[in-house]
Amino acid sequence: MMRTKPDSRQQALMVGVASLAMVAGGAASDAVATTLQVPADHAMIQAAVEAAATGDTVMIAPGTYASCAARDPQGTLNAVLIVEKDLTLTAGPGAGRVVIDAGRVGRGLYVESARVSLRDLAVVNGANTLSLNGNSKPL
């Protein structure tokens, strides 16, 4: 069987299909979850949470993090950390633990999302409640 060289229209079609495949492949890779690190990438946990996309992980270096001055959806200062998207918040590697100190200003953590995973975090000096989707629950 003799192969013929593609004409210019066929070459343009092949280039277009290859370009479309690269764009589609790039779009799929953009959806991969990212890990944002505190304090390496963001000095405060709330800043990392706000910069994160849905599905990302916020990895927090051991230490005590206090007074992020976050506000609840009504605008009231009553939570140190507010999570409004599906994320994973986890302690990073190293000696010690991650402590979120609410400084007695209200809740230490306000979760306004359906899928938030918290791993190896301690919340101290907050009101005796944890807010999940706007509903306060006693601890």
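**Start at a strand pair**

Select β2 and β5: the two strands pair in the parallel sense over 4 bridges. Now pick T57. Its bridge partner in β5 is T88. Keep in mind throughout that this is a predicted model.

**Widen to the sheet**

Add β1 and β8 to the selection. You now have an open sheet of 4 strands, ordered β1-β2-β5-β8, with parallel pairing. Which strands stand at the edges? β1 and β8 (117-119) do. Each has a single partner strand, so one side of each is left without a neighbour in the sheet. Look along the sheet for its twist: neighbouring strands are turned by 15° against each other on average, direction ignored.

**Go to the second sheet**

Select β3, β6 and β9. These 3 strands form an open sheet in the order β3-β6-β9, and the pairing is parallel. β3 (63-66) and β9 (121-124) are the edge strands; each has a single partner, so one side of each lacks a neighbour in the sheet. The twist here averages 25° from one strand to the next.

Zoom in on β3 and β6. They pair in the parallel sense over 4 bridges. Find Y65, then look across to β6: the bridge partner of Y65 is I100.

**Select the core**

Show side chains for I45, V49, V58 and L81. These residues have the most contacts inside the largest nonpolar core, which has 20 residues. Next, colour the elements that give two or more residues to this core:

- the helix α2 (45-51)
- the strands β1 (35-38), β2 (57-60) and β4 (79-83)
- the strands β5 (88-91), β6 (98-101) and β7 (107-111)

In soluble globular proteins, nonpolar side chains tend to be buried together.

Centre on V58. What does V58 touch, leaving out residues up to four places away in sequence? The list is L36, V38, A48, V49, A52, T88, L89 and T90. T88 is a residue you have already met, as the bridge partner of T57.

**Step onto helix α2**

Click A47, which is found in helix α2. Is A47 buried or partly exposed? A47 has 33% relative accessibility, so A47 counts as partly exposed, since buried means under 20%. Now draw a distance from A47 to L81, C-alpha to C-alpha. It comes to 9.7 Å, with the two residues 34 apart in sequence.

**Zoom out**

Show the whole chain. The secondary structure comes to 2 helices and 11 strands. Read along the sequence, the pattern is α-β-α-β-β-β-β-β-β-β-β-β-β.

Switch to a surface view. The protein exposes about 8,700 Å², and carbon and sulfur atoms supply 55% of that area. Of the 139 residues, 29% are buried. For contacts between residues at least 6 apart in sequence, 55% join residues at least 24 apart.

**Colour by confidence**

Finish with pLDDT colouring. The average is 74, and 62% of the residues score at least 70. Which elements have the lowest and highest mean pLDDT? Helix α1 (residues 8-30) has the lowest, at 38, and β1 the highest, at 98. Select residues 8-29: the pLDDT is below 50 over this stretch. Beyond near neighbours in sequence, residues 8-29 have 3 contacts in the model.

Conventions
Residues numbered from 1 in each chain as written. Predicted model: local features only at pLDDT ≥ 70, side-chain atom pairs only at ≥ 80, totals over all residues. Heavy atoms only, no water. Buried < 20%, exposed > 50% of the residue type's maximum accessible area, 1.4 Å probe, protein only. Contact = heavy atoms within 4.5 Å. Areas by Shrake-Rupley, 256 points an atom, 1.4 Å probe, with all protein chains shown as cover. Core = buried A, V, L, I, M, F, W, Y, C linked by side-chain atoms within 4.5 Å. Pairing = 2+ DSSP bridges. Axes fitted to C-alpha atoms, helices over the stretch in contact; angles between N-to-C directions. pLDDT = per-residue confidence, 0-100.
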